[in-house]
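Work through the exercises below with the sequence and the model open. Each task is followed by a solution in steps.

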Amino acid sequence: MSQNIKKVFEKQGFIRLKGVLDYKEDLEPVLNDMAFIMDRLVHRFVPKKDKVKVLKYNFKRKYSYLVGLRIPELDQYFNIRLPQNNINANSDFFASQSIWNLIKNKKILDKIEKILGPEIASNPCQNSRIKQPEKRILSKNLHDGLVGRTPWHQDAGVMNKKGQKGTELVTCWIPFTRTRIENGCMLAVKESHKYGLVNHVTGSKGQVEIKGKEMIDKLPSIALEADVGDIILLNKYLLHCSLPNKSKNFRISMDLRYNKAGQPSGRDPLPSFIVKSKSKNKIKVQNYKQWIALWEEAKVKCIPRKWSYKYPLPTFKGNRRDLTNIISS
Ligand SMILES: O=C(O)CCC(=O)C(=O)O
Ligand SMILES: [Fe+2]
C-alpha cells in the first residue's frame, strides 16, 4: 500500500486513507477543546439566569444556542487560523495544544511524506468547519464553505501568486464526524488535477468558485465519503466541492495543509515551519508555545494592514484557462 499512496494520489489527484487516526487519542482532544471554548462563550454571552442550564447542554445543543445569540463571527472562535479580514489586537482563533498535536501527528506526517518526500512544512492555509444542518443556516451563508456547502474550487486558488504556481501543496482533510453524501461530504472530479489551475470567479454570495461550474456537473464526480479516523489527501489542482448538510446532525471537519519545505506558503507572513525533516536541527518549532508565538508575531504584522491573507482570483487573460475550453480542447 505504502508504495501505492504516491501512485494513486498522482493518478487520481486524491487518496482516501482508512483508519489512520484514532478517535480517542487524536480527535477527541480537539472536540474537548472546542467544548471548552463553547463553555467560555456561554460564560461571556449567555444571560446569567440561563447559564447553569445552558452549560449542561450537549455539544450540538450548546452550539445551536450560541448560534441563536447571533454572536458576531462565531465560527472564528473555533477556526484554527487568524481571520482573513478586520484583523485587530483582539482577533481570536482556535490554536489549542490538541491542534498543534494534530498538525505534528506522526501518523499524518508519515502519509504526507509518501507524497511530498521527507522535508515537509506545515502550511498556514488551514480551517476547521462546524457545519450545522443546512436548514438552520442563514441564506447568506449557504455557500460559505466554513459553515455551509463549499463551492467547486481548487485549493491552489486561495493562495497568493507564488503559492498558486510554485508550491507543492497537499491538503489533509480530517473528519470528526462520519461524513456521507447526506451530511455534506466532499465531491471530487477524478484526475481533474491534470487540468492545472483553471479560471475562478467570485460567485453571487462572494464565494470563490470555478468559472463555468455547470461544466463540472457533466463530468463524472466521486463522493468522498469518510469515517472518523480516515483522512483524505487532495492535490492542489483537484476540482472539488462539498455538499450541503441535509442531516439532522453536525458535520465537523478540519483541513490541514502541508507543502515541500522551502517553498512559499502562499500566505505570508502566517506561520510556515518545518514539521518533518531528515536533519533534526531544521525543526525549529518544537512545541506548542513556540507555535502560538509564531501566530502572535504574524498577527502583529497583519494588524496595521488589517488583513491576514489575500489572494488574486486565478484569472488568466482571455478564456484559454476556462474549464470549458480546457476540457473541449
Ligand atoms: O470540508 C469542506 O467543506 C471543504 C473542504 C475543502 O475544500 C478542503 O479541505 O480543501
Ligand atoms: Fe478545498
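Two strands pair if DSSP finds at least two bridges between them; strands (E, at least two residues) and helices (H or I, at least four) are DSSP runs numbered from the N terminus. The model is predicted, so local features need pLDDT of at least 70 and side-chain atom pairs count only at pLDDT 80 or more, while totals for chains, interfaces and linings use all residues. Residues are numbered from 1 along each chain as its sequence is written, and chains are lettered from A and ligands numbered from 1 in the order in which they are written.

**Exercise 1.** Trace the open sheet and find its edges.

Step 1. β4 and β9 (residues 231-235) pair in the antiparallel sense over four bridges. Thr171 has Leu234 of β9 as its bridge partner.

Step 2. The six strands run in the order β1-β9-β4-β11-β2-β12, with antiparallel pairing.

Step 3. β1 (14-17) and β12 (273-276) each have a single partner strand, so one side of each lacks a neighbour in the sheet.

**Exercise 2.** Describe the shell around ligand 1.

Step 1. A residue is near a molecule if its C-beta atom, placed from the backbone, lies within 6 Å of it. Among the residues surrounding ligand 1 are Arg129, Thr171, Leu234, His240 and Asp255.

Step 2. β4 (169-175), β10 (240-242) and β11 (251-260) each supply at least two shell residues.

**Exercise 3.** Which residues does Cys172 contact, leaving aside neighbours within four places in sequence?

Step 1. Contact requires C-beta atoms, placed from the backbone, within 7 Å.

Step 2. The partners of Cys172 are Ile108, Ile112, Ile231, Leu233, Asp255, Leu256, Arg257 and Tyr258.

Technical notes
Two residues are in contact if their C-beta atoms, placed from the backbone, lie within 7 Å.
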